[in-house]
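Colleague: I'm new to this one. Could you pick a single part and take me through it closely?

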Amino acid sequence: MSVNEISGLIVGVIVFLGSVLSLISAIGLVRLPDIYTRSHAATKSATLSVLCILFGLFLFFTVIKGYVSARILLGIVFVFITAPVGGHLISRAAYHSGVSLWESSIQDELNGKKDKHHTSS
Amino acid sequence: MMNILLHISAVIIAVSILIALYRVAKGPSMPDRVIALDMIGINLISLVAVVSLILETTAFFEVMLLLGILAFIGTVAFSKFIEKGVVIERKRD
């Protein structure tokens, strides 16, 4: 096997791993009981899957095509920074708009402290 | 071998977009739908990346960056709307 075939195989395996992580994230989005666990599943593993796939893309164009793309690196950094922030914001909005936790949850640290920290309303 | 893996990956990503679409349709509360739409946006980035790997072209890189930025801005705007009722607040005077 030549170098190109081996690196192509590595790129294929990395992309396949990323897509399997995306499927796991989607299954978590359907199976988990309340919105906070669902946001946990959707944010973390979807971010990791898109990072894997973009890294595979970067590896393909760097090693095989000899074309180093700064746009993919910028995309990796941007997704890695913004996806957890988006998940945090939407979970915070869900808590402040009164979406209830799963009935088997045993701890709610923010309960009763909502008005003290939520000064905007 | 790599092409087979890439096609399987594209199918798997499409299936996970469909599952997230089910959550968009069913989700009991509004933030559920927003989270599912955010995840659909993230998966669209990976689908565009896989398609650009299959076609071996560099023409879609801006599309991936743009989808990331638009998904983030949409999620932030929706969460601000759910939390405060407005997206852009008026200045107090």
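Modeller: Here's a walk along the place where chain A and chain B meet, with a few stops on the way.

First, some ground rules. Residue numbers start from 1 along each chain as its sequence is written, while chains are lettered from A and ligands numbered from 1 in the order they are written. This is a predicted model, so local features need pLDDT of at least 70 and side-chain atom pairs count only at pLDDT 80 or more, though totals for chains, interfaces and linings use all residues; side-chain values use heavy atoms, leaving out hydrogens and water.

Let's start with the whole contact. Chain A brings 49 residues to it and chain B brings 46 residues, where contact means heavy atoms within 4.5 Å. Together the chains bury about 4,100 Å², with 79% of that on carbon and sulfur atoms. On the chain A side, Leu29(A), Arg71(A) and Ile90(A) lose the most area to chain B, together 14% of what that side buries. Buried area here is the accessible area (1.4 Å probe) that two parts lose on being put together, summed over both.

Now for the polar side of things. Eight residue pairs are in polar contact across the interface of chain A and chain B, both partners being at pLDDT 80 or more. Three helices of chain A, H1 (3-31), H2 (35-64) and H3 (70-96), each supply at least two residues of the side that touches chain B. Of these, H3(A) gives the most, with 16 residues. Sorted by type, the residues of that side of chain A come to 31 nonpolar, 14 polar and four charged. Three terms there need pinning down. A polar contact is a pair of N or O atoms within 3.5 Å; within protein, one must be able to donate a hydrogen and the other to accept it, and neighbours in sequence count only if both atoms are side-chain atoms. Helices are DSSP runs (H or I, at least four residues), numbered from the N terminus. As for types, Ala, Val, Leu, Ile, Met, Phe, Trp, Tyr, Cys and Pro count as nonpolar, Asp, Glu, Lys and Arg as charged, and the others, Gly among them, as polar.

On to the charges. Between chain A and chain B there are four salt bridges, and a search of the whole structure finds six over all chains. The rule asks for a side-chain nitrogen of Lys or Arg within 4 Å of a carboxyl oxygen of Asp or Glu. One of those between the chains joins Glu83(B) to Arg92(A), whose closest N and O atoms are 2.8 Å apart. Another joins Arg38(A) to Asp32(B), with 2.9 Å between the closest N and O atoms. That pair crosses from helix H2 of chain A to helix H2 of chain B, which covers residues 30-55. Are its two ends buried or exposed? Arg38(A) is buried, at a relative accessible area of 4%, and Asp32(B) is buried too, also at 4%. By this scale, buried means under 20% relative accessible area, exposed over 50%, and partly exposed in between (1.4 Å probe, protein chains only).

Chain B also has a little charge network of its own. Lys80(B), Lys84(B) and Glu89(B) are linked by salt bridges. Glu89(B) meets Lys80(B) at 3.6 Å, N to O, and meets Lys84(B) at 3.3 Å. What about exposure? Glu89(B) is partly exposed at 44%, Lys84(B) is partly exposed at 37%, and Lys80(B) is partly exposed at 28%.

Last, take two stops along helix H2 of chain B. Asn43(B) sits in that helix and is buried, with 0% relative accessibility. Leaving aside residues up to four places away in sequence, Asn43(B) touches Ser22(A) from the other chain, plus Ile13(B), Ser16(B) and Ile17(B). With Ser16(B), the side chain of Asn43(B) makes a polar contact, side chain to side chain, at 3.3 Å. Ser52(B) lies in the same helix, and it too is buried, with 0% relative accessibility. Again not counting residues up to four places away in sequence, Ser52(B) touches Leu57(A) and Phe61(A) across the chains, and Thr57(B), Phe60(B) and Phe61(B) within chain B.
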